[in-house]
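Trainee: I'd like to take a close look at one part of this protein with you. Could you walk me through it slowly?

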Amino acid sequence: MQKNKKISLIFFAYGFMGKYSLESFKKNKFFDIRGIIVPGENKFYKSNFNLNKISKKVEVLKSNNKIKIYNFIKRIKPNVVLVSTFNKILDKKIIKLSKFINIHHGKLPKQKGRASVNWAILMGRNSIYITIHQVISKLDSGKIIQQKKIKIESKDNYQSVQLKIGNYLKNHISKIVFNYLQNKIKLKKNNQNNETWNSSRNPEDGMINFHEKTRYIHNLIRACSNKDFGAFCFLKEKKIIILESKINKRRVFEGIIPGRIIKIYKNGDVDCLCSDGILTIKKIYFKNKILKPSHIIKSTRDTLLND
């Protein structure tokens, strides 16, 4: 790069981190955003960009096709490519076109793979890490540029953890990339001998089994609290997505039928039995509306089922 010349940038934005990364680079005078790659037709990945607000000087490629992506990057010839989320492993042919940096939510070499935010909440962790690392042809295995610990509090859910990650990226990612390109950061090893993995998650993985323990079900709801990948159950063959819950320790049940409704509150909340206690359901999503559960659940003889 020539002195005083802006650093040209392309970035992949297949998920929630793209918007925040864009905000960071737009504010940084050292970068020139040249291109953005967003998903084509893909039910699992959605960009959070409003493409109508993207500058006309920035080229946008809507594609999952590696050949089109290769040609797009080769033509623009950026100094650096930032991968904020992408659903495929980049092969060596593409990686040779520029310097590639990836943002991963997990403490590499631990927690490689997908859905790391969901898994962190579901497994009851009190933190998650953001790892910024070099891209090589092996997934999440390049040298580590920087890591940041993000706290997960008991009140947090998937969206609030996303927001914490997003705010960190908005304030820091362009500075980190700049310092890396100026060789001001000492890279750390990403030791493959210590790696662990998270599997991908599909919408059907959010199905609630009320024979599980209360804490597990509550964490599942927290980890999947959105209408597309929400934790769900059925009432009289009607699918209900549960968006918000609370563990209720005020009463102790010995005779338990998992899924049975035991109380309907005046404020619209309902209490439901799990294998070891009571879960208060506070907010649901049903027929494209966010509702209080008592709009659908009318009786203490109702039972929520998992099929």
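How do S13 and strand S14 (residues 277–286) pair, and over how many bridges?

Mentor: Happy to! Keep in mind that this is a predicted model. S13 and strand S14 pair in the antiparallel sense, over 5 bridges. The two strands form a hairpin, with 2 residues between them. To find your place in that pairing, look for Cys 272, which stands opposite Leu 279 in S14.

Now turn to the other partner of S13. Strand S12, residues 261–264, also pairs with S13 in the antiparallel sense, here over 3 bridges. Ile 264 is a good marker for this pairing, as its bridge partner in S13 is Val 270. S12 and S13 make a hairpin as well, with 5 residues between the strands. Within that hairpin, Gly 268 takes a positive phi near 100°.

Next, consider how S13 itself is packed. The strand spans residues 270–274, and 5 of its 5 residues are buried. In a regular strand the side chains alternate between the two faces of the sheet. In S13, Val 270, Cys 272 and Cys 274 lie on one side, while Asp 271 and Leu 273 lie on the other. Both of these faces are covered, and the residues on each side are all buried.

With cysteines in this strand, a biochemist will naturally think of disulfides. Counting a disulfide as a pair of cysteine sulfur atoms within 2.5 Å, the model has 0 disulfides. Take Cys 233: the closest cysteine sulfur to its own belongs to Cys 272, at 7.2 Å, which is too far for a bond. Cys 272 is in no disulfide either, and its nearest cysteine sulfur is that of Cys 274, 5.5 Å away. As for accessibility, Cys 272 is buried, with a relative accessible area of 0%. Cys 233 is buried too, and its relative accessible area is 1%.

So, to pull the picture together: S13 pairs with S12 over 3 bridges and with S14 over 5 bridges. Both of its faces are covered. Cys 272 sits on one of those faces with Val 270 and Cys 274, and Cys 272 is in no disulfide. If you want to trace this on the display, start at Ile 264 and its bridge partner Val 270, then move along S13 to Cys 272 and across to Leu 279 in S14.

Notes: Residues are numbered from 1 along each chain as its sequence is written. This is a predicted model: local features need pLDDT of at least 70, side-chain atom pairs count only at pLDDT 80 or more; totals for chains, interfaces and linings use all residues. Side-chain values use heavy atoms; hydrogens and water are left out. Buried means under 20% relative accessible area, exposed over 50%, partly exposed in between (1.4 Å probe, protein chains only). Helices (H or I, at least four residues) and strands (E, at least two) are DSSP runs, numbered from the N terminus. Two strands pair if DSSP finds at least two bridges between them.
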